Amino acid sequence: TDKTVENSGTSTTPSTGATAATSEAVELVIGGFVGGAGTATFSAPDNSFSLVTQVQNTDQAAAMTYKVLTSTGTPNSGLTLSASLDWAACLATFKV
């Protein structure tokens, strides 16, 4: 990994927060999200991220986003959560 960040809160807009500046122009960025209810759904990734997958069980929902950077920067990923819930999010960048 190159850079990482983590964040948590209670809202309908979970966000990883921004990393420090990446070392390389081309890096793979992966975001992970978890929300505190199995019936919750994630949608609408921001900052040109793509929603890869999401899963729900009786206790919580989880989702993953990704993006390939084409220049150095301070990436951050966010989603919309279907209800205001406790959530946690993290993001990691990987040199390619």
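The exercises below work through a predicted model of one protein chain.

Residues are numbered from 1 along each chain as its sequence is written. In this predicted model local features need pLDDT of at least 70 and side-chain atom pairs count only at pLDDT 80 or more, while totals for chains, interfaces and linings use all residues; side-chain values use heavy atoms, without hydrogens and water.

**Exercise 1. The chain as a whole**

Task: State the secondary structure of the chain, and find why the chain counts as compact as a globular protein of its length.

Solution. Step 1: count the elements. Helices (H or I, at least four residues) and strands (E, at least two) are DSSP runs numbered from the N terminus. The chain has zero helices and seven strands, and the order from the N terminus is β-β-β-β-β-β-β.

Step 2: compare the radius of gyration with the rule. The radius is taken over C-alpha atoms, and the globule rule is 2.2 Å times the number of residues to the power 0.38. For 96 residues the rule gives 12 Å and the chain has 13 Å, which is close, so the chain is as compact as a globular protein of that length.

Step 3: add the extent and the surface. The C-alpha trace spans about 40 × 20 × 20 Å along its principal axes. The chain exposes about 4900 Å², of which carbon and sulfur atoms supply 51%; these areas come from the Shrake-Rupley method with a 1.4 Å probe, and for residues only the protein chains shown count as cover.

Step 4: look at burial and contact range. Buried means under 20% relative accessible area, exposed over 50%, and partly exposed in between (1.4 Å probe, protein chains only). Buried residues are 33% of the 96. A contact means heavy atoms within 4.5 Å. Among contacts between residues at least 6 apart in sequence, 70% join residues at least 24 apart.

**Exercise 2. The sheet**

Task: Give the strand order of the open sheet and name its edge strands.

Solution. Step 1: apply the pairing criterion, by which two strands pair if DSSP finds at least two bridges between them. Five strands then form an open sheet, ordered β1-β7-β2-β5-β4, with antiparallel pairing.

Step 2: find the edges. β1 and β4 (50-56) each pair on one side only and are the edge strands. From one strand to the next the twist averages 15°; the axes are lines fitted to C-alpha atoms, for helices over the stretch in contact, and angles run from 0 to 180 degrees between N-to-C directions.

Step 3: examine the two partners of β2. Nine bridges join β2 to the antiparallel strand β7 (residues 85-95), where Thr 93 stands opposite Val 29. Eight bridges join β2 to β5 (residues 61-68), again in the antiparallel sense. In β5, Val 68 is the bridge partner of Leu 28, and Ala 62 is that of Val 34.

**Exercise 3. The faces of β2**

Task: Which side chains of β2 point to the buried face, and what does Phe 33 pair with?

Solution. Step 1: start from the rule that in a regular strand the side chains alternate between the two faces of the sheet. In β2, Glu 27, Val 29, Gly 31, Phe 33 and Gly 35 point to one face and are buried, whereas Leu 28, Ile 30, Gly 32 and Val 34 point to the other and are not.

Step 2: look for ring pairs. Rings of Phe, Tyr and Trp (its six-membered ring) pair if their centres lie within 6.5 Å; planes under 30 degrees apart count as stacked, over 60 as edge-to-face, the rest as tilted. The structure holds one aromatic pair. Phe 33 and Phe 42 form this tilted pair, at 6.3 Å centre to centre with 50° between the planes.

Step 3: check accessibility. Phe 33 is buried at 4%, and Phe 42 is buried at 3%.

**Exercise 4. Loop residues**

Task: Is Thr 16 buried or exposed, and which residues between β3 and β4 have a positive phi?

Solution. Step 1: place Thr 16, which is in the loop between β1 (4-11) and β2 (27-35). Its relative accessible area is 0%, so Thr 16 is buried. Beyond neighbours within four places in sequence, its contacts include Phe 33, Asn 76 and Cys 90.

Step 2: turn to phi. Most residues other than glycine have a negative phi. Ala 44 has a positive phi of about 55°, as does Asn 47. Ala 44 lies in the loop between β3 (42-43) and β4, and Asn 47 lies in the loop between β3 and β4.

Step 3: compare their exposure. Ala 44 is partly exposed at 49%, and Asn 47 is partly exposed at 38%.
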